[in-house]
Amino acid sequence: MIVKQAKSVEDALELLSHYGNCKIIAGGTDIIIQMNEKKVQPKVLIDISKVEELKKIEEDGDFIKIGSAVTYTDIIESSIFEGNLSGFKKACRLVGSPQIRNRGTIGGNIVNASPAADSVPPLIALGATIILESKNNIREVKVEDYFSHSETFGIREYEILTAIRFRKPKGVLTFAKLGLRKALAISRISIAALVELDKDNKVSFVRIASGSIGRYPMREHELEEFLQGKVFDDAVIDEAVKVLQGVMDVRLANRSSLPYKRRAVEAVLKEALGEVRK
Ligand SMILES: Cc1cc2nc3c(=O)[nH]c(=O)nc-3n(C[C@H](O)[C@H](O)[C@H](O)COP(=O)(O)OP(=O)(O)OC[C@H]3O[C@@H](n4cnc5c(N)ncnc54)[C@H](O)[C@@H]3O)c2cc1C
């Protein structure tokens, strides 16, 4: 197998179109395992981990742009994700181990497309989009649609995810997850919430996304509709848990994991919504 070090996005796109049967490698924390298990067997790996333009976190007016090769550690150390965005830092802090956080990238997490990908629910809650570039085309897709629509799902041949972009939110972004084990846990349930409260403590804006409560990370529309306009107090949060459990009863019907997930979601949702008020 050949490993080619890309020097720029242009270079990586050129290499992608030149070689057949090749794959991008960023941090390698997913793809190396998949290669060892013979789930993927590329002839050429194109390493984008040293492409400077993919490693930047930039503020551009009302928007924040994260290069696809930005690692979890880069997010944790960035001053951009303080205050009302610290839920994104929390999601990154709870990923794997220090070694995984130092190498694993946000782009790799999205493209690998696990239902338990920790960066994805916060990005869906933020209404983020991803920018997918090929030699002759650029498409910008909402993270939410990338996972839920078959026509936009999946990276296409000759495409590179170059950046993730979202508008700076007015509300507070929170995140909570329940892992299988304390360290190195791939989360089994995660919830990210973006909530804005008005002067009467009523929910004036809400976007909620879950991980591992379905086949892919997704918006929780019924929960959002329930919360919209309500006074944000403990009683409403208790009711919100019941709404989500009701959604799970239908979505996960006949799954052996349902009784466990149904109970576990209570603590996860209460933590995510509780942090809005802190
Ligand atoms: C021990 C361990 C613990 C883990 N814990 C967690 C956890 O708690 N939460 C979690 O969410 N994940 C976890 N993971 C999974 C993994 O670390 C993450 O998914 C990580 O973000 C993947 O990023 P990467 O840069 O290493 O991807 P890579 O392995 O380099 O690539 C993954 C896939 O994405 C493609 N790809 C990568 N970047 C691009 C790009 N820019 N454009 C196009 N295609 C691209 C590759 O071709 C490959 O198919 C864990 C993994 C391990 C081994």
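**Domain 2 against domain 3**

I began with polar contacts across the interface of domain 2 and domain 3, and the rule finds 11 residue pairs, both partners at pLDDT 80 or more. I keep in mind that this is a predicted model.

Next I asked which helices supply at least two residues each to the side of domain 2 that touches domain 3. They are α4 (86-93), α7 (120-125) and α8 (143-148). Of the contributors to that side, α7 gives the most, with five residues. I then sorted the residues on that side of domain 2 by type: 14 are nonpolar, seven polar and three charged.

I checked salt bridges too, and across this interface the rule finds four. I also looked up a salt bridge between the side chains of Lys177 and Asp118, where N to O comes to 2.7 Å.

**Bounds and buried area**

For the bounds I went to the domain assignment of the protein chain: domain 1 is 2-47, domain 2 is 52-167 and domain 3 is 172-277. Taken over C-alpha atoms, the centres of domain 2 and domain 3 are 21 Å apart. How many residues does each side put into the contact? I get 24 from domain 2 and 27 from domain 3.

Together, domain 2 and domain 3 bury about 2,000 Å² between them, and 63% of that is on carbon and sulfur atoms. I wanted to know which three residues supply more than any other three of the area that domain 2 buries against domain 3. The answer is Lys90, Pro115 and Ala125, with 26%.

**Ser190**

I moved on to Ser190, which I found in strand β10 (residues 187-197). Is Ser190 buried or exposed? Its relative accessible area is 0%, so I call Ser190 buried, the cut-off being under 20%. Leaving out residues up to four places away in sequence, Ser190 touches Asp118, Pro121, Phe175, Ala176, Lys177, Ala209, Ser210, Gly211 and Val268. I note that Asp118 and Lys177, both on that list, are the pair I had already logged as a salt bridge.

**Thr29**

My last stop was Thr29, in the loop between β2 (22-25) and α2 (31-36). With a relative accessible area of 24%, Thr29 falls between the 20% and 50% cut-offs and therefore counts as partly exposed. Setting aside neighbours within four places in sequence, I find Thr29 in contact with Ile100, Arg103 and Gly104. I also took the C-alpha separation of Thr29 and Asn109: 9.4 Å, for residues 80 apart along the chain.

Terms used: Residues are numbered from 1 along each chain as its sequence is written. This is a predicted model: local features need pLDDT of at least 70, side-chain atom pairs count only at pLDDT 80 or more; totals for chains, interfaces and linings use all residues. Side-chain values use heavy atoms; hydrogens and water are left out. Helices (H or I, at least four residues) and strands (E, at least two) are DSSP runs, numbered from the N terminus. Buried means under 20% relative accessible area, exposed over 50%, partly exposed in between (1.4 Å probe, protein chains only). Contact means heavy atoms within 4.5 Å. Domain bounds come from an automatic or database domain assignment. Buried area is the accessible area (1.4 Å probe) that two parts lose on being put together, summed over both. A polar contact is a pair of N or O atoms within 3.5 Å; within protein, one must be able to donate a hydrogen and the other to accept it, and residues adjacent in sequence count only if both atoms are side-chain atoms. Ala, Val, Leu, Ile, Met, Phe, Trp, Tyr, Cys and Pro count as nonpolar, Asp, Glu, Lys and Arg as charged, and the others, Gly among them, as polar.
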